[in-house]
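Trainee: I should like to go through this model with you, one topic at a time. May I begin with the place where the chains meet?

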Amino acid sequence: MDAPIIAQVTEIDTGDTAWMLASTALVLLMTVALGLFYAGLVRAKNALNTFMMCVSAIAIAGLTWALVGYSLAFDGTGDLVGGLDYAFLQDVTFEPRDGTTIPHLVFFAFQATFCIITVALISGAVVERMRFGPWMVFAALWSVLVYSVLAHWGFGGGWLIEGGTLDFAGGIAVEMASGFSAVAAAIVVGARKDYGRIGLLPHNSVLVLLGAGLLWFGWFGFNGGSGFGTGDASVLAFTNTMLCPAATLFTWMILDLIRGRKVTAVGAATAIIAGCVLITPAGGFISPGWALVLGVLGTIPVYFVIVYRPRTRVDETLDVLAAHGAAGLIGILFIGFVAQESWNGVSDGWFYGNISQLGDQALAVLATPIYAFVMTFILLKLVGAVMPLRGPDHDESLGMDSIYHGEEAYPSGEGAILVTPEAGEEAPVPVAQP
Amino acid sequence: MKLVIGIVRPEKANDVLEALYRADVRGISMSKVQGHGGELDRVETYRGSTVKVEVNDKVRFEIGVSDDFVEPTVQAICDGARTGDVGDGKIFVVPVERVVRIRTGETDEAAVTPVGG
């Protein structure tokens, strides 16, 4: 569980602070890793644009989080949203954050990386067609109006956490929020023009695997840092982040074998991410044994959503709903069954005699998707009313990279003529000398 | 017998394949080529260097057909590849002296007739 909200006098612990500094850097790496993962999954002509959607999240959410987002999420115990006392980083200093043993500044930076990756995750629903400008506007609005609010509910002192809902590292604000927002975004932006007509294949599965591997690496900071120190909760979450995705990966490969007689690499990469998401909410609350069970059981519904979604007309392109929304939802619910006070020191689940915990978890599973979906739908409709969300079909044919960035991921280098050859005019480079 | 060479936009290659399939044209070679046909240059910037890219990616189809199939093949490529903008590509029809199917040793008309077609 996150910081208890009662103000208590704590001292800075150097060990805790050191680990949280490292964790913050690990989580920031995840956004770039996600860029690799996403870029590999799209066609070559859209690889840069897809990567840039993730990179732009660092610029946008990094700023909005410092200006108002952090305050709305982590100031006070308002039911729905926090206050504005920390806006513009007022009073965010070297003093320890209430209920933790780390400086408030480190706590802020750690939480900023969460907001950034959540915004980046949604881009997976709209890649290969959404214009870059509207994406940046939407990302800014979403980071404040959806992420900050849900982070307040799940982490910061809002009605869910105060009501007893357990969410260790972001099943609510990160995973369910991005997953269900992605569906709304895919519906509002609409399908790619070639969707359902021709096969739209990943252009580089090696990038996909590399991205997934780096995401897993970063996730040790994401989950392992969510205990805000080096205490038991962090250690438990860290180890569970090793175990649960391994179980998911194994189960996924078996399901692939059963279904198609072949173990796919893109499937394995997806499994790694699904496994990390499954354990995200539950990491510090369930035993390592149950983490393995979660990895195995949770894979099955996620796999089903991945197989079923492309048969629908919703072009939720990179399956954020399956890998994040569905997996996060399962992780949140699973806590209600198997949480063990002997491991987490906070609460038991149904299997250990406390059925009311399951009710608290169910509340989050009902409220979060509705809020995320409805708000994203409205926000994108509003942005779309001011500026078109998509370019003409012609642009989509040529690829987003050359249209919106004026670059290519894989330029041939042939036939490129320097337009401003300041150096070249003085010293022309001979093509061949006799 | 003729060899029909069609050079088209890469983003229209799938449409050409579909049109050829509908026209019952089988036996196709495709390759990625680069070239320039009078369209506007693409301007790209990498850090401080702004460059004008004068050659564009194209896809080149090569289809060996019997004389009866020349018109349907040309028509299918046109239908699939046309956008109306400069840079849609060209089609060349060239005479073919001799064709051999390697597997059977069949020559000429028999060699360009699809198996079972």
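Trainee: How many residues does the contact take from chain A and from chain B?
Mentor: This is a predicted model. In it, the contact takes 15 residues from chain A and 15 residues from chain B.

Trainee: Which elements of chain A each supply at least two residues of the side that touches chain B?
Mentor: Helix H14 (393–398) and strand S1 (416–418) of chain A each do so. The largest share comes from S1(A), with 3 residues.

Trainee: And what is that side of chain A made of, by class?
Mentor: The side of chain A that touches chain B has 6 nonpolar, 6 polar and 3 charged residues.

Trainee: Turning to confidence, where is it lowest in chain A, and where is it highest?
Mentor: Helix H16 (residues 422–426) of chain A is lowest, at a mean pLDDT of 48, and helix H7 (residues 205–224) of chain A is highest, at 98. Over residues 423–434 of chain A the pLDDT is below 50, and this stretch has 1 contact in the model beyond near neighbours in sequence. For chain A as a whole, the average is 93, and 94% of the residues score at least 70.

Trainee: Now the interior. Which residues have the most contacts inside the largest nonpolar core?
Mentor: They are A:Val119 and A:Leu150, in a core of 139 residues. Beyond its neighbours within four places in sequence, A:Leu150 is in contact with A:Ile172, A:Ala173, A:Ala177, A:Thr368, A:Tyr371 and A:Ala372. Another core, of 15 residues, lies apart from the largest one and includes B:Val4, B:Leu20, B:Val59 and B:Ile77.

Trainee: Why is H3(A) described as largely enclosed by the rest of the structure?
Mentor: Because 17 of its 19 residues are buried.

Trainee: What span should helix H3 of chain A have?
Mentor: At 1.5 Å a residue, the 19 residues of helix H3 (residues 104–122) of chain A should span 27 Å, and the end C-alpha atoms are 28 Å apart, which agrees.

Trainee: What about chain B: in what order do its elements run?
Mentor: Chain B has 3 helices and 6 strands, and from the N terminus on they run β-α-β-β-β-β-α-β-α.

Trainee: What is the radius of gyration of chain B, against that of a compact globule?
Mentor: Chain B has 17 Å, whereas a compact globule of 117 residues would have a value near 13 Å. Along the principal axes, the C-alpha atoms of chain B fill a box of roughly 60 × 25 × 20 Å. Of the 117 residues of chain B, 21% count as buried.

Note on methods:
Residues numbered from 1 in each chain as written. Chains lettered and ligands numbered in written order. Predicted model: local features only at pLDDT ≥ 70, side-chain atom pairs only at ≥ 80, totals over all residues. pLDDT = per-residue confidence, 0-100. Helix = DSSP H or I, 4+ residues; strand = E, 2+ residues; numbered from the N terminus. Contact = placed C-beta atoms within 7 Å. Expected span 1.5 Å × (residues − 1). Buried ≥ 20, exposed ≤ 12 C-beta atoms within 10 Å, placed from the backbone. Rg over C-alpha atoms; globule rule 2.2 N^0.38 Å. Core = buried A, V, L, I, M, F, W, Y, C linked by C-beta atoms within 7 Å. Nonpolar A, V, L, I, M, F, W, Y, C, P; charged D, E, K, R; others polar.
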